[in-house]
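Here is a short tour for anyone meeting this structure for the first time. Have a look at the sequence and the model, and then we'll walk through a few spots together.

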Amino acid sequence: MTGPSLSLSKKLTHLKRVIETTTTTEQCKSLLEHCAKTKSLRTTKGVHAHTITLGLLQSHVLSLLTAAYALCGHTSYARKVFDELPERTLLSYRSMIRMYTQKGFPNIALKLFGKMLRSDKHKPDRHTFPYVIRACSDLFLLQQGVAIHGLTVISGYMWDTFVGNSLLSMYMSCGDKEGARRVFDAMQARTVVTWNTMISGYCKNDSPKEALMIYRRMEDAGVDADCATVLSLLPVCGCLKDFEIGREVHSLIEQVGFWDSLSVRNAVVDMYVKCGRMNEARLVFEKMIDRDVVTWTTMIHGFISDSDIKSALWFSQRMQLEGVKPNAVTLASLLAACASLPHLRLGKCLHGWAIRQDLQADVNVETGLIDMYAKCNCFRLGYQVFAKTSKKRTVPWNAILSGCLHNELAREAIELFKFMLSEAVKPNDATLKSVLPAFATEADFRQALSIHSYLVRSGFVTRTEVATGLVDIYSKCGNLDNGHKIFNGIPKKERDIILWSTLIAGYGMHGHGETSLSLFNEMVQSGVKPNEVTFTSVLHACGHAGLVDDGLCLFNFMLRNHSGSLRTDHYTCMVDLLGRAGRLEEAYELIKTMTFEPSHAIWGALLGACVIHENVELGELAARWLFKLEPENTGNYILLGKIYSAVGRWKDAENVRFLMNEVGLVKTPAQSVIG
């Protein structure tokens, strides 16, 4: 109708003239099809007005009007015309479903699709299915998505690439990687979008290795990567910390010419940062002509992760000097740096800056401030920040509960948790991770029953991490039976090393060494590999119960099969175990076999045993090491004095007192160097 050289205004004028002279339905249809293609709301309204004037509002014209308004994105006009249709066509249904899906109303799109199917007049086509599938994806409705997948197979559209790509995206969005893989393997034709969907889908579903395998298959198939491919692949390399593949992708980007995209350059910087290659990240950063807040924040976060706080702070200053305004994410990263140092003064400066920039109400900044003040042992200021929050979001509650735990305020954490529930804020896994240790610290059986009851009602109790917390709480309360019942309620294949270790430690804590050993053996036989914490718990249990030979047997098992797990705590347990049994020479021989320097705890265990068994020679040896490692610990001098007093060496005991005076130490009250 109009030549491509005509300007937009000329086109509209021409269309108006045509509309004014139009007298046939076919010409109206042609105009409306043109309106739909150009997505011009103004022209569509004009055509609509003239069709009313000319009395041409027939069913097919109304259907085209619906499609034109829908493609223009005007939901109210499209819906009004659609509702007035005497007979709805496939085009009208398809246009409305597409519009509602694109406008973020997937539930309405699915309702319309259901109406279309129930009318039994129209069958969905290759242009309808992708938007219905996307609606399921947006709502994470996997079962409905599977049902629609079945319809595509029955209708014969399963082999359409556009439909297949939509199914891949839906399955990945709903976390069904196997479903996506089955669709992918069945597809007869794959475009670059197909491969990209699989790569990004695996990445989002915490399967970076599978994403990398798909990329390799894509290369083998001779499919050229596009910008979306590298944007999906770079996070995979960062997640895997695979520097070599990341550098390979970086080279590809420069060869193919994707370097002009700022998002690609930012992704390259982020990949190097996550791979721990700050030098490479900085080289890319310095070569960039234009940088946005994402670029700077990525570098700052990288320096913080690399424990280079000085560079992070310098970059934040440089960023502002170059006219780039930090955002809430930048500020949250800097607050995390202050928390890790800890650096209260700098944290307060950042708090002031957040207020001046009106960022203090951002949830990331709120959480960062609460955490920073807690880690800097300034809980009061953290609570003041928390008191100003909306109280409706879970994340700030988690931060304040974690802060209570860090500052050993168990009772306050429990009261805050109760307040959180009264405010109808829904706890999540992070909430329970912060609050359950507080119940364990308080060791109040009534409180334990109360939290157990809540966890059962809310459905959290079936989770292994939560069950572990409850076992710990009941163990600290001395109610091992309840703890063991919870343990038994967890399926065997879901019992992890932390749950086993907690139950073993609970029995050991209360002197049930044989039960601890029995549980340890049961754990090993079930295929769960013990870690250093488990070994420490069992060795402690043997020590408390006096099971010397069992402890030695376990320690020798560690030497043979888990020598890499041996830590200072394990040797301390063994020295204490042998020492309590009076086998002091064996304890000393064990110390001499250590491949690393004995700690003050190990020598302290030996000295304590020497006091019990009045062994002066080894006591003096252990004390000399302790005076060297802990010169200001008065307890070591007092223990040596007790050994001398016990064997009647009063002069030596007096000398120990003089030695304390010489080094400027004052003994604590109610302790005596001479017994």
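## A look at Val 647

Is Val 647 buried, exposed or partly exposed? Keep in mind that this is a predicted model. Val 647 has a relative accessibility of 35%, so it counts as partly exposed: buried would need a value under 20%, and exposed one over 50%.

As for where to find it, Val 647 sits in the loop that runs between α38 (634-646) and α39 (650-662). Set aside the neighbours within four places in sequence, and Val 647 is in contact with Glu 614 and Val 616. You can also check Val 647 against Ile 612: the two are 35 residues apart along the chain, and their C-alpha atoms are separated by 12 Å.

## Over to Asp 138

Now scroll back along the chain to helix α8 (residues 129-138), where you'll find Asp 138. The relative accessible area of Asp 138 is 37%, which means that this residue is partly exposed.

Which residues does Asp 138 touch, not counting those up to four places away in sequence? They are Thr 101 and Pro 106. Val 61 makes another handy reference point: Asp 138 and Val 61 are 77 residues apart in sequence, and going from C-alpha to C-alpha they are 32 Å apart in space.

## The largest pocket

Next stop, the largest pocket, which holds about 550 Å³ of space. Three elements each give two or more residues to its lining: α26 (429-442), α28 (464-476) and α30 (497-509). The largest share comes from α28, with seven residues.

How many residues line this pocket? There are 19, and the ones nearest the centre are Pro 437, Glu 465, Thr 468, Gly 469 and Ile 498. Sorted by character, the lining is a mix of seven nonpolar, five polar and seven charged residues.

## The repeats on record

UniProt, in an unreviewed entry, lists several spans as "repeat: PPR", including residues 89-124, 261-291 and 496-530. Residues 191-225 and 393-427 are also among the spans listed there, and we can pick those two for a closer look.

Over residues 191-225, the chain is 74% helix and 0% strand, with the end C-alpha atoms 10 Å apart. Residues 393-427 come out at 74% helix and 0% strand, and there the end C-alpha atoms lie 10 Å apart.

How values were computed:
Residues numbered from 1 in each chain as written. Predicted model: local features only at pLDDT ≥ 70, side-chain atom pairs only at ≥ 80, totals over all residues. Heavy atoms only, no water. Helix = DSSP H or I, 4+ residues; strand = E, 2+ residues; numbered from the N terminus. Buried < 20%, exposed > 50% of the residue type's maximum accessible area, 1.4 Å probe, protein only. Contact = heavy atoms within 4.5 Å. 1 Å grid on protein atoms, 1.4 Å probe; cavity = no way out; pocket = protein on both sides within 12 Å on 5 of 7 lines; lining within 4 Å. Points joined across faces, edges and corners; volume = space filled by probe spheres on them. Nonpolar A, V, L, I, M, F, W, Y, C, P; charged D, E, K, R; others polar. UniProt positions renumbered as here; feature names shortened; annotations may be inferred.
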